[in-house]
Amino acid sequence: MSGATRRDRVVVVGAGVGGLVAALWLAADGLDVTVLEAADAPGGKLQAQPLAGTWLDAGPTVFTMRWVFDALAARLGKRLDDALPLAPLHTLARHTWRDGSQLDLFADFEATVDAIGRFAGAADARGFRAFSARARAQHDTLLPSFMNAQRPNPVSLSWRVATHGLAGLGRISPFGSMWHGLGRHFQDARLRQLFGRYATYCGSSPLLAPATLMLVAHVEQQGVWSVPGGMHRLASTLATWLAELGVLVRCGARVSELQQQGGRISGVVLASGEVVPARCVVFNGDVSALAAGHLGPAVQRAAPAVTAQRRSLSAITWTAVLPRVQADLLRHNVYFSDDSPREFRALFAQRRLPTQPTVYVCAQDRENGHTPSDTERLLCLVNAPADGDTTDGQVNADACEQRMLAHLAQCGLPLPWEQGTVRRSTPHDFERRYPGSGGALYGRASHGWQASFARAGARCALPGLYLAGGGVHPGPGVPMAALSGQRAAECVAHDLGLADHRRSA
Ligand SMILES: Cc1cc2nc3c(=O)[nH]c(=O)nc-3n(C[C@H](O)[C@H](O)[C@H](O)COP(=O)(O)OP(=O)(O)OC[C@H]3O[C@@H](n4cnc5c(N)ncnc54)[C@H](O)[C@@H]3O)c2cc1C
């Protein structure tokens, strides 16, 4: 691209974590950045919800891979801990089954080995050591070659992995399923179920996801932190850093059209009719919104659609402010169904809510032994099919709510549910907040070895248009969406000819 200058305007559409992080890297490069967000606050899924006179996290709650944000802070001459003094969790999560059995995973690896030995016996404790070694190898192989790289194809990934040693190709186990891989490490079905749940961090089924996703276990082993005041404070911190760089996040500014001129992006049109010219646009909405025509005809073919069959999971969530719960809760708690394969077949093959759901409960006032005094804030989540564009699902959600509460009670967690202190979100609500997604919260499901390559990269078919977010490479989750924002910013800077980026993207 010729004639580009640092004062060329880059418009970022969407202030989810991918959009905010892209904007920060671009602004740090001295570019003139404008962020346009449809909602009335930045953060996207990283959002706080008001309820019963307080605020609570209604989206992500598990904060991992802090190094992504440490690196961003360092680029800006800051320290993450000065803005958000993160607290590492000593106990990562508590897992409970209906028969009363319970297993905690700890930040201390040997404490987890001991706990698994007591829970399932010495063979499974050894299995956990082998599983963890494999998860670490997968992580260490794919970090430089996949997560920290622009979107690879199978050939370029094999080449990059092979440059770290040919054994790397064997280590990442792309072809076997996660479920099969877990069966080789664990005899106890509950452990296979527990570690298989990591596939849902990418909105996927452990029966269909590649064994490569075991690396999520290593990510958690490297640390889970709680964010003082709530995860949503990460979004407000990123917005504050942008303001300090002179970048305003314009909220309540829905973009209804992306425009092109002469075969490249030329600007955006707001729902109000206002036109904002741009040299480059980073789109942080759901990538399927483009193919669905929500952003106009110029960009309808800019990136491939994710068909309904290939969507990742949605969820039904409940935020609740309740009298202090009389149960042994930690911050992160999982109440497992009796039958994981049945649950995931219902979600993906039959596209319906399971009759008995696994329930995740985040007790937001509990952390490292601290318990709340009188009331407490909970987020409960069950996985759901992403059908929010075809049904409002209220009847099914009512039934699901009853089953969820019954299951929790059977697992020793009776919740004193009260009207007015509970707020529910369904796939239909998520589709309305993230148009084009059908309510899918993690983009395309990671099913089969090719799924990671099918995700869009930062560049797309229309020059000047870039993508960032959990639906594009390297994938979903707060830190991964942040990395996608960084990748998009690198591509913009490279394509604008900024010297430092000419070789990197
Ligand atoms: C209930 C829930 C629990 C989760 N739990 C975790 C967890 O524990 N840990 C974790 O790491 N991840 C978790 N995730 C996933 C994580 O939240 C997401 O992967 C990540 O936040 C996605 O960021 P994003 O960049 O894709 O932007 P999004 O959050 O998808 O935001 C996109 C933004 O773009 C805006 N937008 C879209 N279209 C337009 C338009 N036309 N004009 C203007 N603005 C537009 C939207 O309003 C939105 O603000 C969870 C998600 C949910 C919903």
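Met-65 sits in the loop between strand S4 (54–57) and helix H2 (67–75). The model is predicted. In this model, phi of Met-65 is near 50°, a positive value in a residue other than glycine. Met-65 has 21 C-beta neighbours inside 10 Å, so the residue counts as buried. Positive phi also occurs at Arg-351, again near 50° and again in a residue other than glycine. The place of Arg-351 is in the loop between helix H13 (340–349) and S16. Arg-351 has 15 other C-beta atoms within 10 Å and is therefore partly exposed.

A further backbone feature lies in the loop between strand S19 (465–467) and H17, where Pro-474 is found. The peptide bond from His-473 to Pro-474 is cis. Its omega is near 5°.

Seven strands form an open sheet. Their order is S7-S6-S15-S16-S17-S14-S18, and the pairing is mixed. Strand S7 (102–106) and strand S18 (422–425) are the edge strands, each pairing on one side only. From one strand to the next, the twist averages 15°.

Within this sheet, strand S6 spans residues 91–96. S6 is mostly covered, with five of its six residues buried. Five bridges join S6 to S7, and the two strands run antiparallel. His-95 stands opposite Leu-103 in S7. S6 and S7 form a hairpin with five residues between the strands. Gly-100 in this hairpin takes a positive phi near 95°. S6 also pairs with strand S15 (residues 332–335), here in the parallel sense and over three bridges. His-95 has a bridge partner in S15 as well, namely Val-334. His-95 is thus bridged to Leu-103 in S7 and to Val-334 in S15.

Farther along the strand order, S16 (residues 359–363) and S17 (residues 375–384) run antiparallel. Four bridges join them. Val-361 has Cys-380 of S17 as its bridge partner.

Another set of pairings involves strands S10, S11 and S12. Strand S10 (residues 255–261) runs antiparallel to strand S11 (residues 264–270), and six bridges join the two. Gln-259 stands opposite Gly-267 in S11. The hairpin of S10 and S11 has two residues between the strands. Gly-262 in this hairpin takes a positive phi near 60°. S11 then pairs with strand S12 (residues 275–277) in the antiparallel sense, over three bridges. Here the bridge partner of Gly-267 is Pro-277. Gly-267 therefore recurs in both pairings, opposite Gln-259 and bridged to Pro-277. S11 and S12 form a hairpin with four residues between them. In its turn, Gly-273 has a positive phi of about 100°.The ligand is surrounded by 33 residues. The closest are Gly-14, Gly-16, Gly-18, Gly-44 and Gly-285. Helix H1 (17–28), strand S14 (314–323) and helix H17 (478–495) are the elements that give two or more residues to this shell. The largest share comes from H1, with three residues. By residue class, the shell around the ligand divides into 17 nonpolar, 13 polar and three charged residues.

The largest nonpolar core has 150 residues. Those with the most contacts inside it are Ala-23, Leu-242, Val-281, Leu-467 and Val-492. H17 gives the most to this core, with ten residues. Domain 1 (9–47 + 63–85 + 230–306 + 446–501) and domain 2 (124–217) both give residues to the core, so the core lies between them.

Helix H9 (residues 189–196) is mostly covered, with six of its eight residues buried. The buried residues of H9 are Leu-191, Arg-192, Gln-193, Leu-194, Phe-195 and Gly-196.

Note on methods
Residues numbered from 1 in each chain as written. Predicted model: local features only at pLDDT ≥ 70, side-chain atom pairs only at ≥ 80, totals over all residues. Pairing = 2+ DSSP bridges. Near = placed C-beta within 6 Å. Nonpolar A, V, L, I, M, F, W, Y, C, P; charged D, E, K, R; others polar. Axes fitted to C-alpha atoms, helices over the stretch in contact; angles between N-to-C directions. Buried ≥ 20, exposed ≤ 12 C-beta atoms within 10 Å, placed from the backbone. Core = buried A, V, L, I, M, F, W, Y, C linked by C-beta atoms within 7 Å. Domains from an automatic or database assignment.
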